[in-house]
Amino acid sequence: MNKIKVVSNPYEKTVTFCRYDLSSESWITINSENNSNSKLVSAVFQRGFFPFKVYDILKEIENEYSVPDEKLELIFEGPNDEKQQLEEALKDERFSNIILSSSTSYLENARDVLPEINRIFKNLEPLIIKNIGESNKEIETQLKRFSDASGDTVPICVLGTYSAGKSTFINALIGQELLPSAETPVTAKIYKVTASSYEDRAKISFVYKDERVVLTFHDNQVFYDGLNVTDSFGKKVDGILNTSFDSIISKLHAVLEVINDSADQGVGDLIEVLVPFSKGILGDVGSKITIFDTPGSNSSTNSQHSEVLANAMAGMSNGLPVFVTDSSSLDSTDNSKLKEKLISVEGLDERFTMIVVNKAEAADLSSTNLKSDSFRDRIMKQAIPSKLYAQGIYYVSSILGLGAKLKGHLEGEFYSEQFDTYREKYSNPETKYYKKLYEFDILPRQMSSTVRETAEKSSDLIYANSGLLTIEDTIKTFVDRYSHYNKCQQAKALLDKLLLKTNAVITEKNADLHSREAELEANLDDQKLVIVESLKSTSLSMGNDLLIQYPKEMKIFQEDLMKQINKDDVLNRFNDIQTEILSLNPTLNLTEHQQIDISNLKIGNISNEVSNYFGVTRENKTKKINLENLASAQTVDYFRNKFVEELYFSRIDFERISSSFWSNHASEIKSHFERIISGDLGLEPEKRQKLSQLILSYEEIDFTQLNLEKFSKEELSYVFRLGDFTLKSSKVNASGLKKTYNDLFKSKMTEFAGSICSEHEKAFKIWLVNLTSIIVQNIIEFSPELSALNTKIQRTRNEVASLEEQQQQIENYTNQIKQMITWK
Ligand SMILES: Nc1nc2c(ncn2[C@@H]2O[C@H](COP(=O)(O)OP(=O)(O)OP(=O)(O)O)[C@@H](O)[C@H]2O)c(=O)[nH]1
Ligand SMILES: [Mg+2]
C-alpha cells in the first residue's frame with residue numbers, strides 16, 4: 001500500500017508532499033528533482049491555499065500513486081479546519097480507495113489562536129509605548145496600527161476595469177446606495193468604506209489642499225471640520241449639506257459625487273467613509289472588514305493608486321482581492337494586465353482572489369451552458385480566470401442584489417429600471433426564464449456544495465438568485481477563518497522587530513550611562529570615590545547573585561505548582577460521571593435482552609423474536625451513545641473547571657512565593673548596607689547614624705505598580721482551547737484530553753511564571769538602584785551640578801532596568817506566539 005503525507009502550513013503559505021519509501025523506511029519529500037513531472041511540485045499546489053486546491057490535489061495524488069486494487073493511505077498534517085475540508089473532499093466516491101489516517105503532528109487554527117495573540121498585544125502595547133514609544137515614533141505607529149487592527153480588520157479590495165460595476169457591487173455588499181456610479185468612468189480616488197456602529201451616524205474624511213476635512217453626520221445634523229466654505233469646492237459641499245435629503249445615505253451620496261467631480265482639483269488620494277451597513281451576512285462581520293473601492297484599473301493614474309492602496313492597508317490582515325468584471329470583458333487586454341497590478345499591491349493575498357462577473361442578470365447564461373463542461377472550460381481559458389482563479393468565479397447582478405436588500409426602493413434611475421425589469425424573472429420560479437445566478441459559479445469542487453446550500457436555504461429569492469448572497473457567504477468564511485493566518489505571522493514579525501529596537505535603545509542608553517558615570521567619577525575626590533565604589537560593587541555583586549539564585553529557586557516552585565493529570569484520571573472521572581448520570585436518569589439503563597428460546601422457535605415467529613432481539617440491541621446502542629456523549633461533555637467540562645481552578649491558584653501561589661523571595665532578600669541587603677556604613681569608612685558618627693536610619697527605614701519593594709496583566713477565571717477558561725483534542729467517537733478521548741490539559745497547563749504556567757519573574761526582577765533592580773543611589777548621595781555632598789548629574793544617572797539606570805525587563809517580556813511573548821503557530 002502506498003503512503004502519502006500532505007503537510008500544509010498556512011502560516012508560512014506552504015504545502016509539501018511526501019511519499020513513504022519502503023526500502024529505506026522513511027518519508028521522502030516529493031520535489032522537482034525526484035519527481036519533476038508531478039503536478040504536486042507546482043507552485044499552484046505548493047503555494048496555493050490548501051482548502052481551495054484540495055480536490056485537485058487529491059485527484060493528482062490518486063493519479064500518480066494509486067495502485068489498482070490497493071488502498072492508498074493518506075496522512076495529513078496541518079490545522080484542523082483544513083483537515084475537515086480534506087475529509088469533506090474525500091467523501092467523493094472517486095477517492096473511495098484513499099484512507100485518511102491521523103497524524104500526531106498538527107497546527108492550531110489561526111482563528112483559535114488569534115484572540116490570544118491580540119491579548120498579548122493588548123498587554124504589550126502600554127509597556128512598549130511607555131518605554132520606547134516616546135523615543136521611537138515609528139515603532140509606536142506600527143504597534144498602534146497593529147493593535148487597532150487586532151480587533152482584526154480584513155481589507156476587501158475591489159479591483160477591476162472601469163464601469164465593470166465595482167462601486168455598484170460595493171453598494172450591494174453594504175446594502176446602501178452610497179457610492180456614485182455611472183456609465184462613464186466615475187471613481188477617481190480610493191474609497192475606504194468602513195461600517196459605522198450606529199444606524200444614524202456616518203463620517204466622510206479626506207484631504208483637500210493639504211487640509212484634513214472631516215464631515216460628521218449625526219442624525220439630521222452635520223458637523224464639519226477643516227472645510228473652507230469660501231472656496232468654490234467648499235461652497236458646493238456646504239450647499240449640499242444644507243439641502244434636506246430623505247436619508248443620511250442620500251446626503252452622503254450627494255457629497256461623494258461632488259468630491260468625485262472635484263477629484264483633480266486638490267482632493268487627496270484616499271477618501272474614508274464610515275457608514276452603517278444594512279443587515280445581511282456582511283452585517284455580522286461588518287465590524288471586521290473594510291472595503292476599498294478603486295478607480296478602474298485602466299485609469300491613467302493607476303500605479304499611484306496601488307501605492308495609496310498599499311499604505312491604506314498597512315497593519316491590517318492580508319487583504320482579499322475581489323476582481324469585478326463583466327462577462328464580456330473576461331478576456332480584455334486591460335483585464336489581463338491586472339494580475340501584475342494585483343501582485344504589486346503589497347498586503348493582498350492573491351491566493352484568495354475572487355472573480356466576480358457582474359451584470360449577469362442579462363448575460364447569455366442558459367441552462368444548457370450550466371450543464372456543459374465546455375462552458376466551464378471555455379471560461380477557464382480566458383485571460384482573467386486562467387491567471388487569477390483561486391477562490392472561484394462568481395456570477396452576480398449587483399443591481400438585483402442591492403435592490404433585494406433595499407426591498408426595491410432604489411433611487412438611481414438606472415438601478416431602479418434594471419431592478420424592475422428583472423425582478424420577476426429572479427423571484428418567480430414559475431416564469432419561463434427563472435434563473436439562479438449562483439448555479440453558474442465555478443468553484444473549487446468541495447466548496448460548491450456548501451456555498452449552494454446556503455443560497456438554497458434563503459427565503460429571499462432575489463437576494464439569493466442575484467448571486468450576492470453566495471459571494472457574501474464566501475467573504476464571511478474568509479474573514480472568519482482564513483485571513484488570520486497572515487495576521488499571526490505579522491504579529492511574530494512585529495515582535496521580532498521590536499526586540500531589535502529595544503536592543504538598540506538599551507545599548508544606546510547604556511553608552512549614555514557609562515559616559516555620565518565617568519564624568520561623575522572624574523569629579524569626585526579619592527576618598528569618597530573609594531566609599532562609593534565599595535558600596536556600588538557590593539550592591540552589584542549582591543544583586544547579581546540574587547538574580548542568579550532567583551530563577552533557580554523559582555523553577556523549583558514552578559515545577560511543584562505544575563499540576564498534571566494522567567489518562568486514568570480522565571477515564572475514572574468519565575466512568576464516575578457515567579455512573580452518576582445513570583443513577584439520575586434510570587431511563588438510560590440498557591434494556592435486558594429476552595433470552596431467545598431456540599427449542600421453542602417455530603418457523604413462523606422466528607422473525608418476530610429475532611427482530612425484537614435486534615430492536616433491543618439497536619435501542620441499547622443508541623442509549624449507550626447518548627450516555628457516552630453526555631458523560632464525555634461533562635468530563636470535558638469537569639477538566640476545564642479543574643484546569644481553571646488549579647491554574648488560578650498556582651499562579652497566585654507563585655506570585656506570593658516570588659514576592660516573599662524578594663522581600664526577604666531586600667531585608668538582608670538593607671542590613672548588609674547598614675553594616676558597611678557602620679564600619680570604618682571615615683564617616684562622622686552623626687552621619688553614620690543618619691545613614692543607618694535611612695537604610696533601615698527605606699521602603700519595601702513595591703510590587704503593586706507592576707505591569708502584570710489582570711487575569712480572571714473567565715479568561716483562563718477561554719485559554720482552555722481544545723486544540724486537536726476533538727471527540728473522536730462518542731467516548732471521551734482520554735489521551736487527547738490529558739495531553740491538551742498537561743500541555744496547556746505547562747505552557748500557561750511557564751508564561752505566568754515568566755512574566756511574574758521578569759516584573760519582580762525589574763521591581764527589585766529599580767529598588768536596589770534607588771537605594772544605592774540615595775546612600776551614595778548622602779555620603780557625598782554633591783555640588784548642585786553633580787547632584788543633577790547623579791539624578792540623571794539614576795534615572796537612566798532605571799530606564800535601562802525597565803527596558804531590560806521589557807526586552808525579557810517581549811521575548812517571552814514572541815516565544816509564546818511562535819509556540820502557538822508551530823507544530824504540535
Ligand atoms: N445591468 C447592470 N448594470 C450594472 C450593474 N452594476 C453596475 N451596473 C452599471 O454599470 C455602470 C458602471 O457601474 P459603476 O458601479 O460605476 O462601475 P465602476 O466599476 O465603479 O466604474 P468606475 O468607477 O468608473 O471604474 C453603471 O451604469 C451601473 O449602473 C449590474 O449588476 N447590472
Ligand atoms: Mg466606481
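**Entry 1. Cysteines**

I looked for disulfides in this predicted model and counted 0. The search took a pair of cysteine sulfur atoms within 2.5 Å as the criterion. I then checked the accessibility of two cysteines. Cys488 has 0% relative accessibility, so I entered Cys488 as buried. Cys757 has 14% relative accessibility; because the limit for buried is under 20%, Cys757 is entered as buried too.

**Entry 2. Surroundings of ligand 1**

I next asked how many residues surround ligand 1. The shell holds 25 residues, and the closest are Lys166, Thr168, Val186, Thr187 and Glu361. Sorted by class, the shell has 13 polar, 8 nonpolar and 4 charged residues.

I then went through polar contacts of the ligand. Two of those I noted involve the protein backbone: a polar backbone atom of Ala182 is 3.2 Å from an oxygen atom of ligand 1, and a polar backbone atom of Ile399 is likewise 3.2 Å from an oxygen atom of ligand 1. For a side chain, I noted Gln418, which places a polar side-chain atom 3.1 Å from a nitrogen atom of ligand 1.

How much of the accessible area of ligand 1 does the protein cover? On its own the ligand has 650 Å² of accessible area, and the protein covers 96% of this. I also recorded which elements give two or more residues to the shell: helices α6 (166-174), α16 (398-405) and α17 (413-427).

**Entry 3. Aromatic pairs**

I turned to aromatic rings and found 23 aromatic pairs in the structure. I examined Tyr550 and Trp662, whose ring centres are 4.6 Å apart; their planes meet at 45°, so I classed the pair as tilted. Tyr550 belongs to helix α22 (residues 526-561) and Trp662 to helix α24 (residues 603-678), so the pair ties together parts 112 residues apart in sequence. Tyr550 is buried at a relative accessible area of 0%, and Trp662 is buried at 0% relative accessibility.

I took Phe643 and Phe745 as a further case. This pair is edge-to-face, with 5.8 Å from centre to centre and 90° between the planes. Phe643 lies in helix α24 and Phe745 in helix α27 (residues 734-779), and the pair links these distant parts of the chain across 102 residues. I found both Phe643 and Phe745 buried.

**Entry 4. Aromatic cluster**

Lastly, I asked which residues form one aromatic cluster with Tyr550 and Trp662. The other members are Phe661, Tyr698, Phe764 and Trp767.

Conventions:
Residues are numbered from 1 along each chain as its sequence is written. Chains are lettered from A and ligands numbered from 1 in the order in which they are written. This is a predicted model: local features need pLDDT of at least 70, side-chain atom pairs count only at pLDDT 80 or more; totals for chains, interfaces and linings use all residues. Side-chain values use heavy atoms; hydrogens and water are left out. Buried means under 20% relative accessible area, exposed over 50%, partly exposed in between (1.4 Å probe, protein chains only). A residue is near a molecule or strand if one of its heavy atoms lies within 4 Å of it. A polar contact is a pair of N or O atoms within 3.5 Å; within protein, one must be able to donate a hydrogen and the other to accept it, and residues adjacent in sequence count only if both atoms are side-chain atoms. Accessible areas come from the Shrake-Rupley method with a 1.4 Å probe; for residues, only the protein chains shown count as cover. Helices (H or I, at least four residues) and strands (E, at least two) are DSSP runs, numbered from the N terminus. Ala, Val, Leu, Ile, Met, Phe, Trp, Tyr, Cys and Pro count as nonpolar, Asp, Glu, Lys and Arg as charged, and the others, Gly among them, as polar. Rings of Phe, Tyr and Trp (its six-membered ring) pair if their centres lie within 6.5 Å; planes under 30 degrees apart count as stacked, over 60 as edge-to-face and the rest as tilted.
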